[in-house]
Amino acid sequence: MGMAPRRLARGCLRLPAPRYCPFCHNPRRPALPRRMPADYWTNKSCVITGGSAGLGLAIAEVLARRGARLLLVGRNAERLAVAAARIPATAAAVEVCPADVTWQEDVDRLAATAQEKLGGLDMLCHCAGRSTRGGLYDTTPEDMQQLFDVNCLSAVRLARALVPSLLTSHGHLVLIGSLASKTALPYLGGYPASKHALAAVAQQLRLEFGPQGLHTLLACPGPIHRDDAGERYAHQADGIPDSAAKPGGGAKIAAIDPHRLSEQILRACERRRAELIVPRSAKLLFTLAQLSPRLGDWILRKKT
Ligand SMILES: NC(=O)c1ccc[n+]([C@@H]2O[C@H](COP(=O)([O-])OP(=O)(O)OC[C@H]3O[C@@H](n4cnc5c(N)ncnc54)[C@H](OP(=O)(O)O)[C@@H]3O)[C@@H](O)[C@H]2O)c1
(Lines give C-alpha, C1' and ligand atoms only; values in the text may rest on other atoms or scores of the structure.)
Protein backbone atom coordinates (compact mmCIF):
# COMPACT_ATOMS: atom_id res chain seq x y z
CA MET A 1 0.00 0.00 0.00
CA GLY A 2 2.76 2.39 1.06
CA MET A 3 4.57 1.91 -2.29
CA ALA A 4 1.62 2.79 -4.51
CA PRO A 5 1.80 6.61 -4.37
CA ARG A 6 5.55 6.53 -4.99
CA ARG A 7 5.10 4.20 -7.97
CA LEU A 8 2.33 6.46 -9.25
CA ALA A 9 4.52 9.54 -8.90
CA ARG A 10 7.36 7.83 -10.74
CA GLY A 11 4.99 6.80 -13.50
CA CYS A 12 3.67 10.35 -13.81
CA LEU A 13 7.17 11.77 -14.03
CA ARG A 14 8.30 9.36 -16.71
CA LEU A 15 8.53 11.47 -19.85
CA PRO A 16 8.00 10.06 -23.32
CA ALA A 17 11.21 9.64 -25.31
CA PRO A 18 11.74 12.73 -27.52
CA ARG A 19 10.75 12.06 -31.12
CA TYR A 20 13.04 14.78 -32.38
CA CYS A 21 16.47 16.06 -31.58
CA PRO A 22 16.03 18.16 -28.39
CA PHE A 23 19.12 20.24 -29.22
CA CYS A 24 18.49 21.44 -32.74
CA HIS A 25 14.68 20.87 -32.63
CA ASN A 26 14.77 19.31 -36.06
CA PRO A 27 11.88 16.83 -36.25
CA ARG A 28 13.61 15.00 -39.11
CA ARG A 29 16.68 14.21 -37.01
CA PRO A 30 16.65 11.45 -34.40
CA ALA A 31 17.64 12.35 -30.81
CA LEU A 32 21.42 12.34 -30.41
CA PRO A 33 23.09 9.54 -28.48
CA ARG A 34 24.43 10.62 -25.06
CA ARG A 35 27.99 9.84 -26.16
CA MET A 36 29.25 10.51 -29.66
CA PRO A 37 31.37 7.80 -31.30
CA ALA A 38 35.11 8.17 -30.69
CA ASP A 39 35.66 8.77 -34.41
CA TYR A 40 33.12 11.62 -34.58
CA TRP A 41 35.68 14.11 -35.95
CA THR A 42 37.44 11.71 -38.30
CA ASN A 43 37.41 13.14 -41.83
CA LYS A 44 35.16 16.03 -40.76
CA SER A 45 35.92 19.16 -42.76
CA CYS A 46 36.76 22.07 -40.46
CA VAL A 47 37.62 25.70 -41.21
CA ILE A 48 39.43 27.52 -38.39
CA THR A 49 39.87 31.27 -38.63
CA GLY A 50 42.75 32.51 -36.50
CA GLY A 51 44.19 29.00 -36.97
CA SER A 52 47.79 30.22 -37.14
CA ALA A 53 48.18 31.15 -33.46
CA GLY A 54 46.79 30.99 -29.93
CA LEU A 55 43.49 29.24 -29.31
CA GLY A 56 42.77 28.71 -33.03
CA LEU A 57 46.01 26.76 -33.47
CA ALA A 58 45.29 24.70 -30.32
CA ILE A 59 41.82 23.79 -31.66
CA ALA A 60 43.42 22.80 -34.99
CA GLU A 61 45.95 20.58 -33.19
CA VAL A 62 43.23 18.84 -31.18
CA LEU A 63 41.07 18.33 -34.29
CA ALA A 64 44.13 16.96 -36.11
CA ARG A 65 44.62 14.38 -33.37
CA ARG A 66 41.03 13.28 -34.03
CA GLY A 67 41.69 12.85 -37.77
CA ALA A 68 39.82 15.90 -39.09
CA ARG A 69 40.42 17.70 -42.41
CA LEU A 70 41.56 21.26 -41.72
CA LEU A 71 41.63 24.59 -43.47
CA LEU A 72 43.56 27.17 -41.43
CA VAL A 73 42.83 30.86 -42.00
CA GLY A 74 44.85 33.94 -41.04
CA ARG A 75 46.15 37.08 -42.73
CA ASN A 76 49.85 36.25 -42.69
CA ALA A 77 50.75 33.47 -45.17
CA GLU A 78 54.15 32.73 -43.57
CA ARG A 79 52.64 32.37 -40.11
CA LEU A 80 50.02 30.02 -41.59
CA ALA A 81 52.72 27.87 -43.21
CA VAL A 82 54.60 27.61 -39.89
CA ALA A 83 51.36 26.66 -38.10
CA ALA A 84 50.44 24.07 -40.74
CA ALA A 85 53.86 22.45 -40.26
CA ARG A 86 53.10 22.11 -36.52
CA ILE A 87 49.83 20.24 -37.08
CA PRO A 88 50.10 16.55 -36.06
CA ALA A 89 50.33 14.12 -38.98
CA THR A 90 47.14 12.39 -37.77
CA ALA A 91 45.09 15.10 -39.53
CA ALA A 92 43.30 13.74 -42.62
CA ALA A 93 44.35 16.90 -44.52
CA VAL A 94 45.81 20.32 -43.73
CA GLU A 95 45.26 23.26 -46.08
CA VAL A 96 45.79 26.98 -45.54
CA CYS A 97 43.95 30.01 -46.87
CA PRO A 98 45.48 33.45 -46.25
CA ALA A 99 42.48 35.76 -45.80
CA ASP A 100 41.41 38.76 -43.77
CA VAL A 101 37.98 38.11 -42.23
CA THR A 102 37.26 41.84 -42.20
CA TRP A 103 37.26 41.87 -46.02
CA GLN A 104 34.19 40.59 -47.87
CA GLU A 105 36.20 39.56 -50.98
CA ASP A 106 38.55 37.48 -48.79
CA VAL A 107 35.61 35.78 -47.06
CA ASP A 108 34.03 34.96 -50.44
CA ARG A 109 37.36 33.51 -51.60
CA LEU A 110 37.61 31.54 -48.36
CA ALA A 111 34.15 30.01 -48.95
CA ALA A 112 35.17 28.98 -52.48
CA THR A 113 38.48 27.54 -51.18
CA ALA A 114 36.68 25.54 -48.47
CA GLN A 115 34.38 24.05 -51.11
CA GLU A 116 37.26 23.29 -53.47
CA LYS A 117 39.79 21.91 -50.95
CA LEU A 118 37.49 20.30 -48.37
CA GLY A 119 34.53 19.48 -50.62
CA GLY A 120 31.99 20.65 -48.02
CA LEU A 121 31.98 21.84 -44.44
CA ASP A 122 31.18 20.24 -41.08
CA MET A 123 32.56 22.92 -38.77
CA LEU A 124 33.46 26.57 -38.92
CA CYS A 125 35.35 27.70 -35.84
CA HIS A 126 35.67 31.47 -35.92
CA CYS A 127 38.57 32.18 -33.62
CA ALA A 128 40.15 35.22 -35.27
CA GLY A 129 39.72 38.16 -32.97
CA ARG A 130 41.53 40.95 -31.20
CA SER A 131 41.49 42.30 -27.67
CA THR A 132 42.69 45.64 -26.44
CA ARG A 133 43.20 47.80 -23.37
CA GLY A 134 42.11 51.35 -22.56
CA GLY A 135 39.38 53.32 -20.85
CA LEU A 136 36.13 53.65 -22.77
CA TYR A 137 36.39 57.46 -22.72
CA ASP A 138 39.75 57.21 -24.52
CA THR A 139 38.43 54.75 -27.10
CA THR A 140 37.59 56.57 -30.32
CA PRO A 141 34.60 55.54 -32.42
CA GLU A 142 37.16 54.47 -35.09
CA ASP A 143 38.93 52.14 -32.60
CA MET A 144 35.57 50.73 -31.61
CA GLN A 145 34.58 50.23 -35.26
CA GLN A 146 37.79 48.26 -35.98
CA LEU A 147 37.16 45.96 -33.02
CA PHE A 148 33.54 45.42 -34.05
CA ASP A 149 34.75 44.59 -37.53
CA VAL A 150 37.17 41.85 -36.50
CA ASN A 151 35.29 40.52 -33.46
CA CYS A 152 31.68 40.69 -34.59
CA LEU A 153 31.00 41.75 -38.19
CA SER A 154 33.46 39.09 -39.37
CA ALA A 155 31.14 36.47 -37.83
CA VAL A 156 28.22 37.90 -39.81
CA ARG A 157 30.28 37.83 -43.03
CA LEU A 158 31.44 34.25 -42.42
CA ALA A 159 27.97 33.05 -41.46
CA ARG A 160 26.45 34.55 -44.62
CA ALA A 161 29.11 32.83 -46.74
CA LEU A 162 29.30 29.44 -45.04
CA VAL A 163 25.99 28.68 -43.29
CA PRO A 164 24.51 27.12 -46.48
CA SER A 165 27.32 24.48 -46.49
CA LEU A 166 26.92 23.91 -42.75
CA LEU A 167 23.17 23.41 -43.15
CA THR A 168 23.82 20.66 -45.70
CA SER A 169 25.95 18.75 -43.16
CA HIS A 170 23.91 19.75 -40.06
CA GLY A 171 27.29 21.05 -38.94
CA HIS A 172 28.77 23.27 -36.24
CA LEU A 173 29.28 27.03 -36.21
CA VAL A 174 31.57 27.88 -33.29
CA LEU A 175 31.98 31.53 -32.38
CA ILE A 176 34.76 32.28 -29.92
CA GLY A 177 33.52 34.94 -27.57
CA SER A 178 34.93 35.62 -24.14
CA LEU A 179 33.78 36.15 -20.57
CA ALA A 180 33.57 39.71 -21.94
CA SER A 181 30.63 38.49 -24.08
CA LYS A 182 28.66 38.34 -20.84
CA THR A 183 30.12 41.03 -18.63
CA ALA A 184 32.09 44.24 -19.25
CA LEU A 185 35.26 44.68 -17.24
CA PRO A 186 36.71 48.20 -17.03
CA TYR A 187 39.65 49.35 -19.21
CA LEU A 188 39.17 46.78 -21.97
CA GLY A 189 38.40 49.50 -24.54
CA GLY A 190 35.78 48.39 -27.09
CA TYR A 191 36.43 44.66 -26.56
CA PRO A 192 33.45 43.84 -24.25
CA ALA A 193 31.00 45.73 -26.49
CA SER A 194 32.24 43.86 -29.59
CA LYS A 195 32.05 40.48 -27.83
CA HIS A 196 28.58 41.24 -26.39
CA ALA A 197 27.43 41.93 -29.96
CA LEU A 198 28.94 38.59 -31.01
CA ALA A 199 26.83 36.86 -28.34
CA ALA A 200 23.70 38.39 -29.84
CA VAL A 201 24.74 37.20 -33.31
CA ALA A 202 25.24 33.69 -31.93
CA GLN A 203 21.83 33.60 -30.24
CA GLN A 204 20.02 34.90 -33.30
CA LEU A 205 21.74 32.38 -35.60
CA ARG A 206 20.88 29.65 -33.11
CA LEU A 207 17.20 30.58 -33.14
CA GLU A 208 16.94 31.19 -36.88
CA PHE A 209 18.94 28.17 -38.14
CA GLY A 210 18.73 25.69 -35.24
CA PRO A 211 15.41 24.30 -36.49
CA GLN A 212 17.07 23.58 -39.85
CA GLY A 213 19.87 21.60 -38.23
CA LEU A 214 22.68 24.13 -37.72
CA HIS A 215 24.44 23.90 -34.37
CA THR A 216 25.75 27.26 -33.11
CA LEU A 217 28.07 27.33 -30.12
CA LEU A 218 29.19 30.49 -28.35
CA ALA A 219 32.36 29.71 -26.39
CA CYS A 220 33.11 32.21 -23.62
CA PRO A 221 36.51 31.52 -22.08
CA GLY A 222 38.35 33.52 -19.45
CA PRO A 223 42.07 34.36 -19.88
CA ILE A 224 43.89 31.68 -21.88
CA HIS A 225 47.42 30.67 -21.00
CA ARG A 226 50.04 32.02 -23.43
CA ASP A 227 53.78 32.55 -23.34
CA ASP A 228 53.62 36.33 -23.83
CA ALA A 229 51.02 36.87 -21.07
CA GLY A 230 51.81 40.01 -19.11
CA GLU A 231 53.73 41.69 -21.98
CA ARG A 232 50.98 41.64 -24.56
CA TYR A 233 49.30 44.90 -23.55
CA ALA A 234 52.39 46.71 -22.20
CA HIS A 235 52.18 49.26 -25.08
CA GLN A 236 48.56 50.11 -24.14
CA ALA A 237 49.15 50.39 -20.38
CA ASP A 238 49.43 54.19 -20.18
CA GLY A 239 46.68 55.77 -18.11
CA ILE A 240 45.08 52.53 -16.92
CA PRO A 241 45.59 50.67 -13.61
CA ASP A 242 48.48 48.15 -13.69
CA SER A 243 46.10 45.25 -13.04
CA ALA A 244 44.03 46.10 -16.15
CA ALA A 245 47.05 45.47 -18.42
CA LYS A 246 47.25 41.90 -17.14
CA PRO A 247 45.56 38.87 -18.83
CA GLY A 248 41.77 39.00 -18.48
CA GLY A 249 41.94 42.68 -17.54
CA GLY A 250 43.26 41.67 -14.11
CA ALA A 251 40.39 39.28 -13.31
CA LYS A 252 41.44 36.91 -10.53
CA ILE A 253 41.00 33.76 -12.63
CA ALA A 254 43.62 31.09 -13.34
CA ALA A 255 44.78 31.03 -16.97
CA ILE A 256 43.08 28.28 -19.01
CA ASP A 257 45.10 25.65 -20.87
CA PRO A 258 44.29 26.19 -24.58
CA HIS A 259 44.36 22.47 -25.47
CA ARG A 260 42.08 21.57 -22.57
CA LEU A 261 39.72 24.36 -23.64
CA SER A 262 39.82 23.04 -27.22
CA GLU A 263 38.77 19.59 -25.96
CA GLN A 264 35.88 21.22 -24.08
CA ILE A 265 34.82 23.08 -27.22
CA LEU A 266 34.77 19.87 -29.26
CA ARG A 267 32.78 18.08 -26.54
CA ALA A 268 30.29 20.98 -26.47
CA CYS A 269 29.92 20.59 -30.26
CA GLU A 270 29.33 16.85 -29.98
CA ARG A 271 26.56 17.56 -27.44
CA ARG A 272 25.29 20.47 -29.56
CA ARG A 273 25.44 22.83 -26.61
CA ALA A 274 24.41 26.47 -27.07
CA GLU A 275 27.12 27.98 -24.84
CA LEU A 276 30.33 27.04 -23.13
CA ILE A 277 31.48 29.25 -20.27
CA VAL A 278 34.92 28.58 -18.78
CA PRO A 279 35.39 28.68 -15.85
CA ARG A 280 31.88 27.50 -15.05
CA SER A 281 31.87 29.48 -11.79
CA ALA A 282 31.53 32.67 -13.87
CA LYS A 283 27.93 31.65 -14.61
CA LEU A 284 26.99 32.51 -11.03
CA LEU A 285 28.38 36.02 -11.44
CA PHE A 286 26.47 36.48 -14.71
CA THR A 287 23.21 35.33 -13.09
CA LEU A 288 23.66 37.59 -10.06
CA ALA A 289 24.58 40.53 -12.28
CA GLN A 290 21.39 40.00 -14.33
CA LEU A 291 19.30 40.01 -11.16
CA SER A 292 21.12 42.95 -9.59
CA PRO A 293 23.56 44.99 -11.74
CA ARG A 294 24.86 46.82 -8.64
CA LEU A 295 25.68 43.51 -6.95
CA GLY A 296 27.34 42.37 -10.20
CA ASP A 297 29.48 45.54 -10.30
CA TRP A 298 30.44 45.07 -6.64
CA ILE A 299 31.62 41.48 -7.30
CA LEU A 300 33.55 42.59 -10.41
CA ARG A 301 35.35 45.30 -8.43
CA LYS A 302 36.32 42.69 -5.82
CA LYS A 303 37.50 40.23 -8.47
CA THR A 304 39.64 42.61 -10.56
N1 LIG B 1 43.80 35.09 -25.32
C2 LIG B 1 42.88 35.11 -24.38
O3 LIG B 1 43.17 35.14 -23.17
C4 LIG B 1 41.42 35.06 -24.77
C5 LIG B 1 40.45 34.99 -23.77
C6 LIG B 1 39.12 34.91 -24.14
C7 LIG B 1 38.77 34.92 -25.48
N8 LIG B 1 39.73 35.00 -26.43
C9 LIG B 1 39.32 35.02 -27.83
O10 LIG B 1 39.90 33.89 -28.46
C11 LIG B 1 40.21 34.21 -29.82
C12 LIG B 1 41.67 33.90 -30.09
O13 LIG B 1 42.45 34.70 -29.23
P14 LIG B 1 44.03 34.46 -29.10
O15 LIG B 1 44.52 35.39 -28.03
O16 LIG B 1 44.29 33.01 -29.00
O17 LIG B 1 44.50 35.02 -30.53
P18 LIG B 1 45.97 35.38 -31.06
O19 LIG B 1 47.01 34.53 -30.42
O20 LIG B 1 46.13 36.86 -31.00
O21 LIG B 1 45.82 34.94 -32.58
C22 LIG B 1 44.89 35.59 -33.40
C23 LIG B 1 44.72 34.76 -34.64
O24 LIG B 1 43.74 35.38 -35.46
C25 LIG B 1 44.31 35.74 -36.71
N26 LIG B 1 43.69 36.98 -37.13
C27 LIG B 1 43.67 38.17 -36.46
N28 LIG B 1 43.00 39.07 -37.16
C29 LIG B 1 42.56 38.47 -38.29
C30 LIG B 1 41.82 38.89 -39.41
N31 LIG B 1 41.37 40.14 -39.53
N32 LIG B 1 41.56 38.00 -40.40
C33 LIG B 1 42.00 36.72 -40.30
N34 LIG B 1 42.71 36.26 -39.27
C35 LIG B 1 43.00 37.14 -38.28
C36 LIG B 1 45.82 35.85 -36.44
O37 LIG B 1 46.62 35.63 -37.58
P38 LIG B 1 47.15 36.88 -38.47
O39 LIG B 1 47.65 37.92 -37.51
O40 LIG B 1 48.21 36.33 -39.36
O41 LIG B 1 45.96 37.35 -39.24
C42 LIG B 1 45.99 34.68 -35.46
O43 LIG B 1 46.00 33.48 -36.17
C44 LIG B 1 39.84 35.69 -30.00
O45 LIG B 1 38.56 35.78 -30.56
C46 LIG B 1 39.83 36.23 -28.59
O47 LIG B 1 38.97 37.32 -28.45
C48 LIG B 1 41.06 35.07 -26.12
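1. Leu-175 is found in strand E5, and in this predicted model it counts as buried because 27 C-beta neighbours lie inside 10 Å. Leaving out residues up to four places away in sequence, Leu-175 touches His-126, Ala-155, Leu-198, Ala-202 and Leu-218. Cys-152 stands 23 residues from Leu-175 in sequence, while their C-alpha atoms are 9.4 Å apart in space.

2. Two of those partners, Leu-198 and Ala-202, are among the buried residues of helix H6, which also include Tyr-191, Pro-192, Ser-194 and Lys-195. These buried residues cover an arc of only 160° around the axis, which puts them on the same side of H6. What covers them includes helix H5 (141–169), strand E5 (172–176) and strand E6 (215–221). The face of H6 turned away from its buried side carries the exposed residues Ala-200, Leu-207 and Glu-208.

3. The length of H6 can be checked against its residue count: at 1.5 Å a residue, the 19 residues from 191 to 209 should span 27 Å, and the end C-alpha atoms are 27 Å apart, which agrees. The corresponding check on helix H7 (residues 258–270) gives an expected span of 18 Å for 13 residues, and here too the end C-alpha atoms, 18 Å apart, agree.

4. In H7 the buried residues are Pro-258, Leu-261, Ser-262, Ile-265, Leu-266, Ala-268 and Cys-269. Seen down the axis of H7, they fall within an arc of 160°, so they line one face of the helix. An α-helix has 3.6 residues a turn, so residues three or four places apart point the same way. The buried residues of H7 pack against H2, strand E4 (123–126), E5, E6 and strand E7 (275–278). After H7 comes Arg-272, whose phi is positive, near 50°.

5. The contact between H7 and H2 can be followed from Val-62, which lies in helix H2 and counts as buried because it has 21 C-beta neighbours inside 10 Å. Not counting residues up to four places away in sequence, Val-62 touches His-259, Ser-262, Glu-263 and Leu-266, and of these Ser-262 and Leu-266 are among the buried residues of H7. Val-62 and Pro-88 are 26 residues apart in sequence, with 8.7 Å between their C-alpha atoms.

6. Which residues have the most contacts inside the largest nonpolar core? They are Ile-48, Ile-59, Leu-70, Leu-124 and Val-174, in a core of 71 residues. For Leu-70, leaving aside neighbours within four places in sequence, the contacts are Cys-46, Ile-48, Ala-60, Leu-63, Ala-64, Ile-87, Ala-91, Ala-93, Val-94 and Glu-95. In soluble globular proteins, nonpolar side chains tend to be buried together.

7. The ligand has 27 residues around it, of which Gly-50, Gly-54, Arg-75, Asn-76 and Gly-129 come nearest. The elements that give two or more residues to this shell are helix H2 (54–65) and strand E2 (69–74), and H2 gives the most, with three residues. By class, the shell around the ligand has twelve nonpolar, eleven polar and four charged residues.

8. For the protein as a whole, there are nine helices and seven strands, and buried residues make up 38% of the 304 residues. Among contacts between residues at least 6 apart in sequence, 72% join residues at least 24 apart.

How values were computed. Residues numbered from 1 in each chain as written. Predicted model: local features only at pLDDT ≥ 70, side-chain atom pairs only at ≥ 80, totals over all residues. Near = placed C-beta within 6 Å. Helix = DSSP H or I, 4+ residues; strand = E, 2+ residues; numbered from the N terminus. Nonpolar A, V, L, I, M, F, W, Y, C, P; charged D, E, K, R; others polar. Expected span 1.5 Å × (residues − 1). Buried ≥ 20, exposed ≤ 12 C-beta atoms within 10 Å, placed from the backbone. Arc of directions from axis to C-beta. Contact = placed C-beta atoms within 7 Å. Core = buried A, V, L, I, M, F, W, Y, C linked by C-beta atoms within 7 Å.
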